[in-house]
Amino acid sequence: MKGPTKVTVLMVMAGTLAAGCNESAGIEDATEAVDKIQAQKENIVSQFNDILLLEEEMQIELEEDLAENEAALFANREARVFTSLDERQSLLNDMNDAYLTLEIEHELLETVLENGGEEELPVNELSGLQDQAASLHNEVGTYIDQYQSELNTQESFFNDLGAEDADFEFLVNGIEAINDAQGDIRDQAHVVHEELKAAETAIAAVQANEQPDEETALHKEGS
Amino acid sequence: MRTKSLIFLLGGMMFFGSYDSPLLAEQTGGDADEEASKVERSEEDRYFSVSDEDLLTLPRVIPDRLTYDSGVEIEYPEDGVKGIFATAHSIGGDKADELYDLINETALNSMVVDVKDDDGYVTFETESENERVQENTYDYINDVDAMMEDFEDADIYPIARLVVFKDTVLANEEPELSFLEKGEVWSNNRGESFVNPFSKDVWEYNVEVAKEAAKAGFKEIQFDYVRFPEGFENRDEDLEYTEGDYEESGEDNIQNRVAAVTDFVDYAREELRPYGVKVSVDIFGYAATIPEAPGIGQNFSKISENVDIISSMIYPSHWGPYFDIHKPDLEPYNLVNEYAQVENELLDSLEEPPISRPWLQDFTASYLPDGEWMEYGVDEVEAQIQALYDNDIYEFLLWDATNNYTEGVNYELDAEQDIVRQE
């Protein structure tokens with residue numbers, strides 16, 4: 001996750017975009033960056049909700065899988081819990097994309113702030129948003145790392161449930177380990193939640209300082 | 001610039017439009033605090049709500065392949081358990097063949113065997129290293145492996161009955177685990193003594209016996225006398241005993257007793273999970289008709305939530321006037337029918353109700369006053385079974401302390417059985 005190749009490609013694209021727009025850097029790029037940060041924020045919220053929903057189903061899925069009393073179900077990755085794992089992995093990949101986009105937009109804002117005319121831009125607010133985007137980016141990254149590690153652990157545990165020597169103690173210890181790890185992940189989820197709220201505030205601050213010209217607005221709406 | 005500013009603002013309005021207004025704190029009226037609290041909660045969960053509960057818990061049903069393998073292969077009866085009680089003396093002695101024959105020749109399919117009897121003796125030699133278990137073993141069953149082979153051959157589902165808190169042997173050996181009266185071990189008018197349900201030592205001892213029973217091949221552990229002595233509410237202030245961890249609970253004596261009994265069952269079940277055995281509890285029939293039995297500490301619903309099977313002892317002879325039935329021993333069908341309706345309603349209210357498997361009367365209560373008892377035979381036993389079937393209860397156990405069961409009973413009757421098979 002957060003693979004260097006993808007990052008590199010995206011960073012190059014961002015760099016090219018920023019470089020190409022140097023002369024016109026300003027409100028257009030700022031608008032685009034704010035829109036994208038907002039969009040990624042919404043994506044991350046959606047991915048969190050989907051992951052939590054899948055987690056809610058895990059207990060019943062595990063119970064139904066175990067009730068089959070078939071080791072092969074786990075050993076051959078045919079149990080329902082593996083579908084949940086795959087779906088959560090997919091969501092985490094999506095979250096990683098959002099994470100990478102946040103990184104790009106952070107860079108774009110930096111360029112805008114370096115090159116844009118101060119009288120055109122709400123510099124302080126954009127700077128605040130830039131900082132907040134960086135902070136959100138970092139915390140989402142930490143969450144992704146933690147959750148990826150946990151998915152790997154769960155994959156291994158569910159797989160080993162299909163081993164011949166799996167016994168009651170293994171089941172108990174595995175469930176306990178998953179719950180313990182979940183504590184840290186949930187703490188980080190709370191941190192991300194706070195960052196999302198702070199990002200919303202920072203976006204609002206930028207928007208509040210971009211007052212519309214009513215006459216133009218009305219003309220625009222009427223046209 | 002201006003156009004973009006407008007788009008910015010409109011975008012922001014749309015984005016924030018979906019969120020709750022933070023103005024609720026200004027609301028007036030008595031609900032202001034509650035509303036403020038709601039706002040706080042909604043702020044906490046604005047985007048997503050992270051549960052504090054464990055992601056996974058141990059499943060209620062543990063697959064056989066992950067549990068202890070005793071080597072004894074006997075499945076839960078497809079038609080539900082229909083069994084009889086056997087003392088260790090009976091099954092370990094000359095009466096065994098007679099009991100096997102009864103089961104083999106009828107629709108009966110299960111046998112409840114004492115592994116810790118009414119005196120407190122462990123009835124077969126175990127491999128336990130627990131000194132109490134070793135000390136209190138009296139091997140009425142001198143070859144438990146052979147007995148299990150017989151059960152396996154005849155496909156008889158073996159249930160281990162374990163008398164828990166009525167334990168005269170342990171009470172006399174270790175009075176500090178019992179109830180004392182003027183420094184002596186208290187006993188009831190039948191000379192029976194109890195050990196203290198508040199004592200974790202007592203819990204562990206009994207569960208150790210249960211584990212040994214599971215290792216021997218029993219498929220179910222049935223706890224009996226999971227309760228305080230009858231009438232305890234009248235002597236709980238006079239007897240000397242410890243309430244252990246429950247002393248500081250802040251609850252009254254009744255609630256402490258209910259908690260101790262309920263917690264023991266929960267503890268036992270958790271401890272027995274690795275062994276893959278089912279857990280059942282015998283309970284007074286009247287416990288289902290009242291919120292909780294104040295003296296003995298039995299709460300039907302709370303116990304039921306922690307067991308796989310609940311076995312109410314609904315012998316007609318054991319009831320006083322109840323359900324508008326003034327001489328219950330004379331009306332076995334009516335008594336069981338009335339009880340079954342009460343129990344069904346109670347179990348229906350539980351999220352995960354256990355199987356109902358009542359104890360039925362296959363003995364004659366000639367100790368009752370004349371005119372209030374009758375000879376129990378085929379008709380009376382069948383009447384009780386029929387009453388269960390008529391209320392969609394298809395499991396039962398027959399009790400006769402001397403193990404002399406009525407011959408010629410049709411245990412199937414003509415009931416249309418809608419049996420839920422056990423996984």
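## Starting in the core

Which residues does B:Met111 touch, not counting residues up to four places away in sequence? Quite a list: B:Ile84, B:Ala86, B:Ile91, B:Leu99, B:Tyr100, B:Ile103, B:Phe151, B:Ile156, B:Tyr157, B:Pro158 and B:Ile159. Keep in mind that we're looking at a predicted model here.

B:Met111 belongs to the largest nonpolar core, a set of 114 residues. Along with B:Ile91, B:Phe151, B:Phe223 and B:Phe264, B:Met111 touches the most other members of that core. If you're after the element that gives the most to this core, go to helix 8 of chain B, residues 200-216, which puts in nine residues. There's another core too, lying apart from that one, with 63 residues. Its members include A:Ile37, A:Ile144 and A:Leu161 from chain A, and B:Leu56 from chain B. As a bit of background, nonpolar side chains in soluble globular proteins tend to be buried together.

## Meet the two chains

Chain A is helices and nothing else on the list: seven helices and zero strands. Read from the N terminus, its elements go α-α-α-α-α-α-α. Of its 223 residues, 47% are buried. The chain exposes about 10,400 Å², with carbon and sulfur atoms supplying 46% of that area. Now take the contacts in chain A with a separation of 6 or more: residues 24 or more positions apart account for 82% of them.

Chain B mixes things up, with 12 helices and 13 strands. It has 423 residues, and 53% of them are buried. Its exposed area is about 19,500 Å², of which carbon and sulfur atoms supply 42%. For contacts between residues at least 6 apart in the sequence of chain B, 77% join residues at least 24 apart.

## Rings that pair up

Over all chains, a search of the whole structure turns up 35 aromatic pairs. One of them is A:Phe82 with A:Phe158, an edge-to-face pair with 6.2 Å from centre to centre and 80° between the planes. A:Phe82 sits in helix 4 (residues 80-115) of chain A and A:Phe158 in helix 5 (residues 123-160), so this pair links distant parts of the chain, 76 residues apart. Both A:Phe82 and A:Phe158 are buried.

Chain B has a pair to look at as well. Why is the pair of B:Phe223 and B:Phe264 called edge-to-face? Because the planes of B:Phe223 and B:Phe264 stand at 80°, and over 60 degrees counts as edge-to-face. The ring centres of B:Phe223 and B:Phe264 are 5.4 Å apart. Here too distant parts of the chain are linked: B:Phe223 is in strand 8 (residues 220-224), B:Phe264 is in helix 9 (residues 253-272), and 41 residues separate them. B:Phe223 is buried, and B:Phe264 is buried as well. You met both earlier, among the core residues that touch the most other members.

## A cluster, and charges over rings

Six aromatic names go together in one cluster: B:Phe179, B:Phe198, B:Phe228, B:Phe232, B:Tyr241 and B:Tyr246. B:Phe228 also has B:Arg257 lying over its face, at 5.9 Å from the ring centre. Elsewhere in chain B, B:Lys200 places its charged end over the ring of B:Trp203, 5.0 Å from the centre.

## Two buried polar residues

Find B:Lys95 in the loop between helix 3 (88-91) and helix 4 (96-104) of chain B. Is B:Lys95 buried or exposed? With 18% relative accessibility, B:Lys95 counts as buried, because the cut-off for buried is under 20%. Its side chain makes a polar contact with the side chain of B:Asn404, at 2.6 Å. Along the chain, B:Lys95 and B:Asn404 are 309 residues apart, yet their C-alpha atoms are separated by 9.4 Å. Beyond its neighbours within four places in sequence, B:Lys95 is in contact with B:Ser90, B:Thr402, B:Asn403 and B:Asn404.

B:Asn299 also lives in a loop, the one between strand 9 (278-284) and helix 10 (300-304) of chain B. B:Asn299 is buried, with a relative accessible area of 7%. Its side chain makes a polar contact with the side chain of B:Glu292 at 2.8 Å, and also reaches the backbone nitrogen of B:Ser301 at 3.1 Å. Setting aside neighbours within four places in sequence, the contacts of B:Asn299 are B:Val258, B:Pro291 and B:Glu292.

Note on methods: Residues are numbered from 1 along each chain as its sequence is written. Chains are lettered from A and ligands numbered from 1 in the order in which they are written. This is a predicted model: local features need pLDDT of at least 70, side-chain atom pairs count only at pLDDT 80 or more; totals for chains, interfaces and linings use all residues. Side-chain values use heavy atoms; hydrogens and water are left out. Helices (H or I, at least four residues) and strands (E, at least two) are DSSP runs, numbered from the N terminus. Buried means under 20% relative accessible area, exposed over 50%, partly exposed in between (1.4 Å probe, protein chains only). A polar contact is a pair of N or O atoms within 3.5 Å; within protein, one must be able to donate a hydrogen and the other to accept it, and residues adjacent in sequence count only if both atoms are side-chain atoms. Contact means heavy atoms within 4.5 Å. Accessible areas come from the Shrake-Rupley method with a 1.4 Å probe; for residues, only the protein chains shown count as cover. A nonpolar core is a set of buried Ala, Val, Leu, Ile, Met, Phe, Trp, Tyr and Cys residues joined through side-chain atoms within 4.5 Å. Rings of Phe, Tyr and Trp (its six-membered ring) pair if their centres lie within 6.5 Å; planes under 30 degrees apart count as stacked, over 60 as edge-to-face and the rest as tilted. A charge sits over a ring if NZ of Lys or CZ of Arg is within 6 Å of the ring centre and within 35 degrees of the ring normal.
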